[in-house]
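Colleague: Could you take a close look at the nonpolar core for me, and then walk outward from there?

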Amino acid sequence: MSRSPSFLARAESNTNVDPESVQKWIVAFCIIRFDLEQGQLIEECYPPGCLTPEEELDIAFSSFPDSVSQYHNRSSIHDSMFFFRIQRRGSFPAKNISTSEVVEVDGKEVSSAEKVPKRLDYSEKGCDPKYLYGFVFNRQRHDERLKRGGEQKSVVILSNYPYSSLFKPLLQIMGPLYFDIGRKALDCIAASMSTWDAPLPGHLMELPIGNATLKVNLPPAHSLSFDGEVLFEESASSMAPLLPTNQSIPHGLFHDSDVFGVFRGLLLQLWLLWELLLVGEPILIITPTPPQCCEAVASLVSLAAPLFVSVDFRPYFTIHDPYFAHLNSLREGDSFPPLLLGVTNLFFLKALRNIPHIVSVGSPAPNSSRLAFASRASTGRLSGRPEGFSFPQLNLKKFSPSNLLSAVKSRRDGPLCLMTEHKEAIWSSYVPITKPDTSILNRLVDAGLSPRVEESMSVVNNEILRRHFLELTTNFLAPFGPYFRVNTPCVGSSPFVDPPPLPVFDADEFLGSLSARGPGKFLSKRMRSNWLDLYRRFMRGHNFKPWFQRKRAVAEQEQCRLWRQARMNADIQEFINKSSELEIVETFNAIERHLLAEMQSENLLDQSEATCHKLKGDLLSVFNVLPQDMQHLLLMNPERATLLQ
């Protein structure tokens, strides 16, 4: 999407920025230049002072491709888009602590851009305080008249949210706009963002940007960062069917990634990769370019939906990342932490040679100035993909002596063979339990050589693959369902008592019960006889505990909501009339306990006020039917006496 004159005219006429609205979406905009003497430099940070010096360094190093030598057209302009994920670190210098320095200089108000708050409030639900996502529009301009024959500059959107379906199309507007009109582009985009509503996870949002409107599906609440407090949207959807039928709604992160396009040379291995991610095995993905690199990582993460992925994933990882020093220090025999790394630098093949699973995908970039990583909001298609992808035969290659020798040489040399020639392959000793579903592969469409038809068919193929792995993951997680089952008050029973706790989870008991019951029809056709081992590996892996605890928290909150609603609808006189004196006393104590909890609650203030009013009335009704001597005894407590006034 290119900038239109109407966008510029509108933007220039309205550059008022609402800081609170902007900070709900982004942390900052950055303009980063590659300087021949000083290296990567941040020219602009919008707003200023929102990043620590350590973060600025990490962002600068992550915002450029490892090499520009792959582009040989010396008079061309090459644009590419990719994104990274880094850990937040460092602290602010003392001089940057005061917000007034950002807002006022010598008593004068600074530009609207600098009035945006420095840090996104970490209390915002779904934001990830540990990681920062950077979406990059990189321009490489080759000109023999310049030093070293060219220059590089990147426009970066920084956010605490992995909203790739939004920030990639936004970059397609913002990147070219910046290189056209300069700093004004940042004010233009911020002014448009000021009109946006707060993010609604799992919803389709229409976001005006200049004279255009971006229609984007945000990832659901259950796929975002979890801090122990459940989002309302997540709790409200907990009672939905296990397998939603509406495929236009994302069910996990990076629903817009092009699974088919990036893994088309390794389609038979998708089930192996899905299983490796499921159990939390460390994986290194290497590609020729950053766009292909981050697309591969994002696509693999998307295959785990609706599972919340807790493995540390890095769509574009460089040797300058501070975490590399830790990984490089691991000795032979040391276990790699659970992670998913996307890299382009072949040095990682030697530095991380002991990582157990290495995946090579993609193809070297051609001599083309086409945008290497364009986006679309929710179709699953990668438009403007680098040339060089060819549709492989989905069936196994026929035997030939040359194929056999090539396979033997590849296994003998291992991943180091990529140092001389790039090829799509997987090096792993892991024996998968899940079998490739050839019926799914046979449904994929060969688009031929027509780019227009290929893009359309890529949409279809992505939906087929995504739907299948959504079913696969959902069916795999289904046996844990009873541990998240919500209990509702029985008809005629008192809703004022505490709800029964959720079933206690015991791994051995779960495996024993599952072994006797079997995996179910869907999984039995797609897994080998040792399918129970996959559950054992999953429960030992890095993804299980955070996902299980989160699902339990959702179920407990939903159960609390249902019982709370039942108390609101309960007729207290009906319970009093059919209760004994002892049961009435127990009801009084229960109502008092719920009332105190509501009064201390900081959430849903309007509903809490109505609930408190209802519970106070019920408490007084129960109190009035108690014997007078018991009433006097209860009123001896000053706090209780206040409640009964």
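Modeller: Sure, starting with the core: the largest nonpolar one has 123 residues, and W25, F29, L158 and F480 have the most contacts inside it. By nonpolar core I mean a set of buried Ala, Val, Leu, Ile, Met, Phe, Trp, Tyr and Cys residues joined through side-chain atoms within 4.5 Å. Buried is under 20% relative accessible area, exposed is over 50%, and partly exposed lies in between, with a 1.4 Å probe and protein chains only. Helix α9 (residues 270-279) gives this core its largest share, 9 residues.

Before going on, keep in mind that this is a predicted model: local features need pLDDT of at least 70, side-chain atom pairs count only at pLDDT 80 or more, and totals for chains, interfaces and linings use all residues. Residues are numbered from 1 along each chain as its sequence is written, and side-chain values use heavy atoms, leaving out hydrogens and water.

Now F480: leaving aside residues up to four places away in sequence, F480 touches F505, F510, Y535, F538, M539, F544, W547 and F548, where contact means heavy atoms within 4.5 Å. There's also a second, separate core of 21 residues, with F324, L339, F348 and L418 among them.

Back to α9, where 10 of 10 residues are buried. The list includes W271, W274 and E275. Just past the helix, G280 takes a positive phi of about 80°. Helices (H or I, at least four residues) and strands (E, at least two) are DSSP runs, numbered from the N terminus.

Next comes an open sheet of 5 strands, ordered β11-β12-β10-β13-β14 with mixed pairing. At the edges sit β11 (312-314) and β14 (425-427), each pairing on one side only. On average, neighbouring strands are turned by 10° against each other, direction ignored. Inside the sheet, β10 (residues 283-286) runs parallel to β12 (residues 339-343), paired over 4 bridges; for two strands to pair, DSSP must find at least two bridges between them. In that pair, I283 stands opposite L340 of β12. Helix α10 (residues 290-302) packs on the sheet, touching β10, β11 and β12, and its direction makes about 155° with that of β12. Axes here are lines fitted to C-alpha atoms, for helices over the stretch in contact, with angles from 0 to 180 degrees between N-to-C directions.

One last buried spot: E55, in helix α3 (residues 53-62), has a relative accessible area of 1%. Its side chain reaches the backbone nitrogen of R89 at 3.3 Å.

Conventions: Polar contact = N/O pair within 3.5 Å; in protein donor to acceptor, adjacent residues only side chain to side chain.
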